[in-house]
Amino acid sequence: MSAPNDSYDPVEVTPLHPDEVARMRDEALAAIAAASSLEELKEVRIAYAGDRSPLALANREIGSLPPSARAEAGQRVGGARREISEALKERGAVLEEERDNRVLVEEAVDVTLGWDRRPRGARHPLTTIAERMTDIFVNMGFEVAEGPEVEAEWYNFDALNFLPDHPARTMQDTFFVEAPSGGESGLVLRTHTSPVQVRALLDRPLPVYVVAPGKTFRTDELDATHTPVFHQLEGMVVDENITMAHLRGAIDAFVHSMFGAGLRTRFRPYYFPFTEPSGEVDLECFVCRGESVGNPDAPCRTCGSEGWIELGGCGMINPRVLVAAGVDTERYSGWAFGIGVERTLMFAHGVRDMRDMVEGDVRFASAFGMEV
Ligand code: FA5
């Protein structure tokens, strides 16, 4: 810094001369405009706005001016430094945006590229078998229908002709969600996919040909052949002149497509409140084809040497259900069935224990391949 200059007038301190201040400012602005990267701009900032920059040094000379000249010189230098600081900020913003855009392009990751060192996920075999089961009926011309998993008691029980004291309604079988109140039906976790029968009949014009795959819930203990959360495939036809022979034909077509051509089926009498007559469908054991029956030397694990495997329930829809859904029972009749998806997976792939399906061990799912 120069010594105090008490006799300022007309002495001038060169770095504070207006022309010199303007020159330093212009040089700085030109360097800022020329900076083509954030690194270059950082150098420029140090050179032209840092502590040792020409204008910072000039600023120090202000103290050597006589007091009367300090304000004007201070404004001149301060104004130039402000302009430089503004220019640095603006150029910095432009260069940062350019850098961000460049990084987005240069460091883009192609998430669709294959990565062969990590095992690829597979959809759960229950999902894929439920889709295969559904597709067999879609190929026959059936539509897919849906209903909620948290279902009104009316759809799950009343509309299906379950009397108020039917044992299936008790706490042993049903997860109750909300008690009935004010004339409104209560809510349950649906215990079967049959409520979709009523929903489909109320939603669609007749004739109706639908299948409804879905999740169902019962207060069953988890063991080798039961799980509290399982899946069913419901099927239903309501049309004119529908007989049990059509049901038999549709089930046979399903069985042949799913388990193999030529397998026999049989209907055993059974009871469901919503079908009359009702039956259970058995499928000839596709492993031993009945040869294990009475033959202790060649036992069959698939059918337990019984020769038949139970597939699900079925029957002609009880006219009371059709009436609850507003169907003219003089003109229309129908049938329905409900098949367990877990059981179908057990039979189709020889799975011995249903717990393997629900415990989430990826080794179980990956044994079925990478079917998508
Ligand atoms: C029913 O649920 C009837 N709604 C089926 C039906 C539909 C009959 C239409 C007539 C007309 P059922 O309770 O038998 O029926 O169950 C059908 C199938 O679901 C059984 O054969 C079995 O494969 C499967 N299933 C039942 N409970 C369980 C469970 N806890 N775990 C796994 N699968 C089950």
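A nitrogen atom of the ligand lies 2.9 Å from an N or O atom in the side chain of His 192, and a ligand nitrogen is likewise 2.9 Å from an N or O atom in the side chain of Ser 194. On the oxygen side, a polar side-chain atom of Glu 310 is 3.2 Å from an oxygen atom of the ligand. A polar contact here is a pair of N or O atoms within 3.5 Å; within protein, one must be able to donate a hydrogen and the other to accept it, and residues adjacent in sequence count only if both atoms are side-chain atoms. On its own, the ligand has 680 Å² of accessible area, of which the protein covers 94%; such areas come from the Shrake-Rupley method with a 1.4 Å probe, and for residues only the protein chains shown count as cover.

I should state at once that this is a predicted model, in which local features need pLDDT of at least 70, side-chain atom pairs count only at pLDDT 80 or more, and totals for chains, interfaces and linings use all residues. Residues are numbered from 1 along each chain as its sequence is written, and side-chain values use heavy atoms, with hydrogens and water left out.

Which residues of the shell are closest to the ligand? They are His 192, Ser 194, Arg 218, Asp 220 and Gln 232, out of 24 residues that surround the ligand (a heavy atom within 4 Å). By type, the shell divides into 8 nonpolar, 11 polar and 5 charged residues, where Ala, Val, Leu, Ile, Met, Phe, Trp, Tyr, Cys and Pro count as nonpolar, Asp, Glu, Lys and Arg as charged, and the others, Gly among them, as polar. Strand 6 (229-240), strand 9 (308-317) and strand 10 (332-340) each supply at least two shell residues, and strand 9 gives the largest share, 5 residues. Helices (H or I, at least four residues) and strands (E, at least two) are DSSP runs numbered from the N terminus.

I turn now to helix 2. In this helix, residues 38-49, the buried residues (under 20% relative accessible area, 1.4 Å probe, protein chains only) are Leu 41, Val 44 and Tyr 48. They lie on the same side of helix 2 because they cover an arc of only 60° around the axis, taken from the directions from the helix axis to the C-beta atoms. The face turned away from that side carries Glu 39, Lys 42, Glu 43 and Ile 46, which are exposed (over 50%). Helix 1 (18-34) and helix 4 (67-106) are among what covers the buried residues of helix 2.

Note on methods:
Contact = heavy atoms within 4.5 Å.
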